[in-house]
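Here are my notes from a look through this one. I've kept them as short points so you can follow along with the structure open.

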Amino acid sequence: MSLPSIQMKGDPQTLTVLAGGNITRGRFVDANEANTVQITTAGAMAGGVALATASAGKVLRIAISGVVSVEAGAAIAVGAFVATDNAGRAVTATTGNYILGQAITAAGAAGSEVLVRINLSGAKV
């Protein structure tokens, strides 16, 4: 899927971390007890979005703020608050989910990309 032409100024803020397992680009991740990152589980708080694909033990950059491309787990409307599914993909936030950001483009279906303004404030729906 090609994304609409959107001009963004500046890069997202990033951290360099170690992957605790196989991580796919564009998925929400969070830290674990081993001081590595793993795919975030459904509705959980995330620590950022993977900016590349990495296998366990490899160095990985994650975005912790800004606008980034995230893989959708379902259709998402422009302006919807997003949460994560069990695969770390963006889905529309529902009751009890942590809000991880807001969609600034739409996603037509699972597997498509959506631009998300990351907001990891810890707020829940």
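1. Start with alanine 50. Setting aside neighbours within four places in sequence, alanine 50 is in contact with Ile23, Thr24, Arg25, Gly26, Arg27, Val29, Leu60, Arg61 and Ile62. Bear in mind that this is a predicted model. The residue belongs to strand β4, which covers residues 48–50.

2. Is alanine 50 buried or exposed? Its relative accessibility is 1%, so alanine 50 counts as buried, the cut-off being under 20%. For a sense of the fold around it, take leucine 15: the two residues are 35 apart in sequence, and their C-alpha atoms are 9.8 Å apart in space.

3. Arginine 27, one of the contacts of alanine 50, deserves its own point. You'll find arginine 27 in the loop between β1 (13–18) and β2 (28–31). Arginine 27 counts as buried because its relative accessibility is 15%, again with the line drawn at under 20%.

4. What does the side chain of arginine 27 have to talk to? One of its polar atoms lies 2.8 Å from the backbone oxygen of alanine 87. Not counting residues up to four places away in sequence, arginine 27 touches Ile39, Gly48, Val49, Ala50, Glu71, Ala87, Gly88 and Arg89.

5. Gly88, from that contact list, also turns up in a hairpin. Strands β6 and β7 (residues 90–92) pair in the antiparallel sense over 3 bridges, with threonine 84 opposite alanine 90 in β7. The hairpin has 5 residues between its strands, and there glycine 88 takes a positive phi near 80 degrees.

6. β6 has another partner to look at. Strand β6 (residues 81–84) pairs with strand β8 (residues 101–103), also in the antiparallel sense, over 2 bridges. Here phenylalanine 81 stands opposite glutamine 102 in β8.

7. On to the cores. The largest nonpolar core has 17 residues, and those touching the most other members are Phe28, Val70, Ile76, Val82, Ala90 and Val114. At least two residues of this core come from β5 (59–71), and at least two from β9 (113–118). Another core lies apart from it, with 9 residues that include Val17, Ile23, Val29 and Ala50.

8. Last, a closer look at one member of the largest core, Val82. Which residues does valine 82 touch, not counting those up to four places away in sequence? They are Phe28, Ile76, Ala90, Val91, Ala93, Tyr98, Ile99, Leu100, Gly101, Gln102, Ala103 and Val116.

Definitions and conventions. Residues numbered from 1 in each chain as written. Predicted model: local features only at pLDDT ≥ 70, side-chain atom pairs only at ≥ 80, totals over all residues. Heavy atoms only, no water. Core = buried A, V, L, I, M, F, W, Y, C linked by side-chain atoms within 4.5 Å. Buried < 20%, exposed > 50% of the residue type's maximum accessible area, 1.4 Å probe, protein only. Helix = DSSP H or I, 4+ residues; strand = E, 2+ residues; numbered from the N terminus. Contact = heavy atoms within 4.5 Å. Polar contact = N/O pair within 3.5 Å; in protein donor to acceptor, adjacent residues only side chain to side chain. Pairing = 2+ DSSP bridges.
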